[in-house]
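Could you walk me through this model, stop by stop, while I have it open in my viewer? I would like to know what to select next and what is there.

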Amino acid sequence: MSQMTWGYACPAHIGNGHRCGNPASNNNEFGLCAECEKKEGVERAPKPDFVLVKVGINPGLASELRKFLPQKKRDVEKAMDLEAAHLTDAESIGRNPYAGRDQKYADNPRPQDADSGSCVFGRSTPMRMVSLAGLKKELENADLRFTGAHILERGKKCTLVMEYKNEGEAREMHPKLEEFLNAAYQEIFIWANGMNHMGFVNHTVNCSGRMDQGKPVVNLLFADGLWSWKLEEVAEPVGDTVTD
Ligand SMILES: [Zn+2]
């Protein structure tokens, strides 16, 4: 099977809340990269203060969710502000903020998110067929609470954003949102971002292509902020097995 083709980013702390992000050398889940292996006193990057689970949704679904969720528009001006903040942050750790950008958007004049974070499972290959079932519990066990959700509208693109934070009051989650959080997705990217100007470390789980059919291949695990995954258990075949 090809499910293990994605890499794993080195979890060493390189300052300012950032995770190293070089490919881990030995391909084990918590392995360091070749560079960090040589360093002494390497610490692991801090766990996030915020986790944002983002799901790309179509306009029909967006209007359905708008019945109980607020909508935020990210206009061009706001996007530019955000972009500028990311640029400064990326440059503070000597990183190319556009390294992970999809080249097909290179000519798009609309500002996009510059990246200052590390893509936990590789930049170019998304994790595929991933189940989030169990993530909610793991986040809650790590004392991150659901503090709200909204729909982010950027041009024609709508995204459902669910927020988990280590501060603030926990809110009740609408059953519809719970469905999204328990679903499986065709593709997932996870970004471990460093400290923002407010001093918070945030991680983002970007999901697309909700799977209504087919079996997920892996389960995503929060792993106390390091992120990990395990293979879905394969069910025993059901049928007329003769046992004696
Ligand atoms: Zn490293």
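**First stop: the strand 1 and strand 8 pair**

Please select V55 and C207 to begin: C207, in strand 8, is the bridge partner of V55. Helices (H or I, at least four residues) and strands (E, at least two) are DSSP runs, numbered from the N terminus. What you have open is a predicted model, where local features need pLDDT of at least 70, side-chain atom pairs count only at pLDDT 80 or more, and totals for chains, interfaces and linings use all residues. Residues are numbered from 1 along each chain as its sequence is written.

Now extend the selection to strand 1 (residues 50–57) and strand 8 (residues 201–211), which pair in the parallel sense over 6 bridges. Two strands pair if DSSP finds at least two bridges between them. Also along this pair, K54 stands opposite N206 in strand 8.

**Strand 1, other partner**

Keep strand 1 selected and add strand 6 (residues 157–165): these two pair in the antiparallel sense over 8 bridges. Pick L52 here, and you will find its bridge partner E163 in strand 6.

**Strand 8, other partner**

Go back to strand 8 and add strand 7; the two pair in the antiparallel sense over 9 bridges. Strand 7 covers residues 184–195. Follow the chain from one to the other and you trace a hairpin with 5 residues between the strands, where G199 in the turn has a positive phi of about 85°.

Next, center on T204, which lies in strand 8. Which residue of strand 7 faces T204? W191 stands opposite T204. Leaving out residues up to four places away in sequence, T204 touches L52, K54, W191 and N193. Contact here is when two C-beta atoms, placed from the backbone, lie within 7 Å. If you draw a distance from the C-alpha atom of T204 to that of L52, it should read 4.8 Å, although the two residues are 152 apart along the chain.

Is T204 buried, exposed or in between? It counts as partly exposed, because it has 19 C-beta neighbours inside 10 Å. The cut-offs are 20 or more other C-beta atoms within 10 Å for buried, 12 or fewer for exposed, and partly exposed in between, with C-beta atoms placed from the backbone.

**Into the core**

Select V53, V130, I188 and I190: these have the most contacts inside the largest nonpolar core, a group of 48 residues. Strand 7 gives the largest share of this core, 7 residues. Such a core is a set of buried Ala, Val, Leu, Ile, Met, Phe, Trp, Tyr and Cys residues joined through C-beta atoms within 7 Å. In soluble globular proteins, nonpolar side chains tend to be buried together.

Stay on V130 and show its surroundings. Apart from neighbours within four places in sequence, V130 is in contact with A184, Y185, I188, P216, V218 and L220.

One more buried residue is worth a click: C119, in strand 3 (residues 118–119). C119 counts as buried because it has 22 C-beta neighbours inside 10 Å. Its C-alpha atom is 6.3 Å from that of A192, a residue 73 positions away along the chain.

**Positive phi values**

Most residues other than glycine have a negative phi. Two residues to check against that are M129 and N16. M129, in strand 4 (residues 127–131), is not a glycine, yet has a positive phi of about 55°. N16, in the segment before helix 1 (34–38), has a phi near 60°. M129 is partly exposed, with 18 other C-beta atoms within 10 Å; N16 is partly exposed too, with 16.

**A second hairpin**

Move on to strand 9 (residues 218–221) and strand 10 (residues 228–231), which pair in the antiparallel sense over 4 bridges. L221 stands opposite S228 in strand 10. The two strands form a hairpin with 6 residues between them, and A223 in its turn has a positive phi of about 50°.

**Zooming out**

Finally, show the whole protein chain: 5 helices and 10 strands. Buried residues make up 31% of its 244 residues. Of the contacts with a separation of 6 or more, 64% join residues 24 or more positions apart.

Color by pLDDT, the predictor's confidence in each residue, from 0 to 100. The chain averages 82, and 74% of the residues score at least 70. Take care at residues 101–113, where the pLDDT is below 50; this stretch has 10 contacts in the model beyond near neighbours in sequence.
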